[in-house]
Amino acid sequence: DLNFSALRTLLRRRAEEIKEGYEERHQAQTLQQIHGFTKRLGAMEQQRKSLSTHINLAQAINQRVRSSDFMRQLECEQALIASGGEQALLGSSGASDACADFVEDLIGHGEP
């Protein structure tokens, strides 16, 4: 369980650990050291692929979170929660009008 803001640091640290693991190949001089490195190679490759997937997901999430549509949705959800729900849609404030417009847009686009 990790806050999204701490994810960049964690992913960077993990990438450095994986890179260091690959760099061990330069220090392997004996047959036993080379064998040990090759045994770990499959796991390191899997870790690299997993890291790449996590980085791509984090970038996609970050792009979505920074979009104006997401901010509009978040503001509407917060207004719904703060007002007990119906007041954000039925009230007469500018915020409620914006929230109602947003919900109507979602319905019109067939969004959940």
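# Reading helices, salt bridges and surface

Biologist: Arg 40 is rated as partly exposed, at 39% relative accessibility. What does partly exposed mean here?

Modeller: Welcome! One thing to know early: this is a predicted model. As for the rating, a residue is buried under 20% relative accessible area and exposed over 50%, and partly exposed in between. Arg 40, at 39%, is therefore partly exposed.

Biologist: What share of the protein chain is buried?

Modeller: Of the 112 residues in the protein chain, buried ones make up 16%. The chain exposes about 8800 Å², and carbon and sulfur atoms supply 53% of that area.

Biologist: How many helices and strands does the protein chain have?

Modeller: There are five helices and zero strands. Read from the N terminus, the order of elements is α-α-α-α-α.

Biologist: Let me try a check on one helix. What span should the 16 residues of α3 have?

Modeller: The general idea is to multiply 1.5 Å by one less than the number of residues. For the 16 residues of α3 that gives an expected 22 Å, and the end C-alpha atoms are indeed 22 Å apart, so the two agree. Just after α3 comes Gly 84, which takes a positive phi of about 85°.

Biologist: Back to charged residues. Why can side chains of opposite charge pair?

Modeller: They can do so when their charged atoms come close. The cut-off for a salt bridge is a side-chain nitrogen of Lys or Arg within 4 Å of a carboxyl oxygen of Asp or Glu. By this rule, the structure has four salt bridges.

Biologist: Which residue forms a salt bridge with Arg 40?

Modeller: Glu 24 does, with the closest N and O atoms 2.7 Å apart. This pair links distant parts of the chain: Glu 24 sits in the loop between α1 and α2 (31–65), Arg 40 lies in helix α2, and 16 residues separate them. Glu 24 is partly exposed too, with a relative accessibility of 33%.

Biologist: And what does Arg 14 pair with?

Modeller: Arg 14 has a salt bridge to Glu 17, where the closest N and O atoms are 2.6 Å apart. Here the sequence helps you: the two are three residues apart in helix α1 (residues 4–23), so about one helical turn separates them. Glu 17 has a relative accessible area of 39%, which makes it partly exposed, and Arg 14 is partly exposed at 30%.

Biologist: Which residues is Arg 14 in contact with, leaving aside its neighbours within four places in sequence?

Modeller: Gln 47 and Leu 51. With Gln 47, the side chain of Arg 14 makes a polar contact of 3.2 Å. Leu 51 is a nice case of sequence versus space: Arg 14 and Leu 51 are 37 residues apart in sequence, yet their C-alpha atoms are 7.6 Å apart.

Biologist: What share of the contacts is between residues 24 or more positions apart?

Modeller: Among contacts with a separation of 6 or more, such pairs account for 44%.

Biologist: Where can I see a salt bridge between Arg 72 and Asp 105?

Modeller: Look for their side chains, which meet at 3.0 Å, N to O. Arg 72 belongs to helix α3 (residues 68–83) and Asp 105 to helix α5 (residues 94–108), so this pair ties together parts that are 33 residues apart in sequence. Arg 72 is partly exposed at 33% relative accessibility, and Asp 105 is partly exposed with a relative accessible area of 33%.

Biologist: Now the nonpolar side of things. Which residues make the nonpolar surface patch?

Modeller: Phe 4, Leu 57, Ile 61 and Val 65 make a patch of about 330 Å². To qualify, a residue needs over 30% relative accessible area. Phe 4 passes because its value is 36%, and Val 65 passes because its value is 33%.

Biologist: Which helix gives the largest share of the nonpolar patch?

Modeller: That is α2, with three residues. Val 65 is placed in α2, whereas Phe 4 lies in helix α1. Apart from its neighbours within four places in sequence, Val 65 is in contact with Phe 70 and Met 71.

Methods:
Residues numbered from 1 in each chain as written. Predicted model: local features only at pLDDT ≥ 70, side-chain atom pairs only at ≥ 80, totals over all residues. Heavy atoms only, no water. Helix = DSSP H or I, 4+ residues; strand = E, 2+ residues; numbered from the N terminus. Buried < 20%, exposed > 50% of the residue type's maximum accessible area, 1.4 Å probe, protein only. Contact = heavy atoms within 4.5 Å. Areas by Shrake-Rupley, 256 points an atom, 1.4 Å probe, with all protein chains shown as cover. Patch = residues over 30% accessible without salt bridge, like charges linked within 9 Å, V, L, I, M, F, W, Y side chains within 5 Å. Polar contact = N/O pair within 3.5 Å; in protein donor to acceptor, adjacent residues only side chain to side chain.
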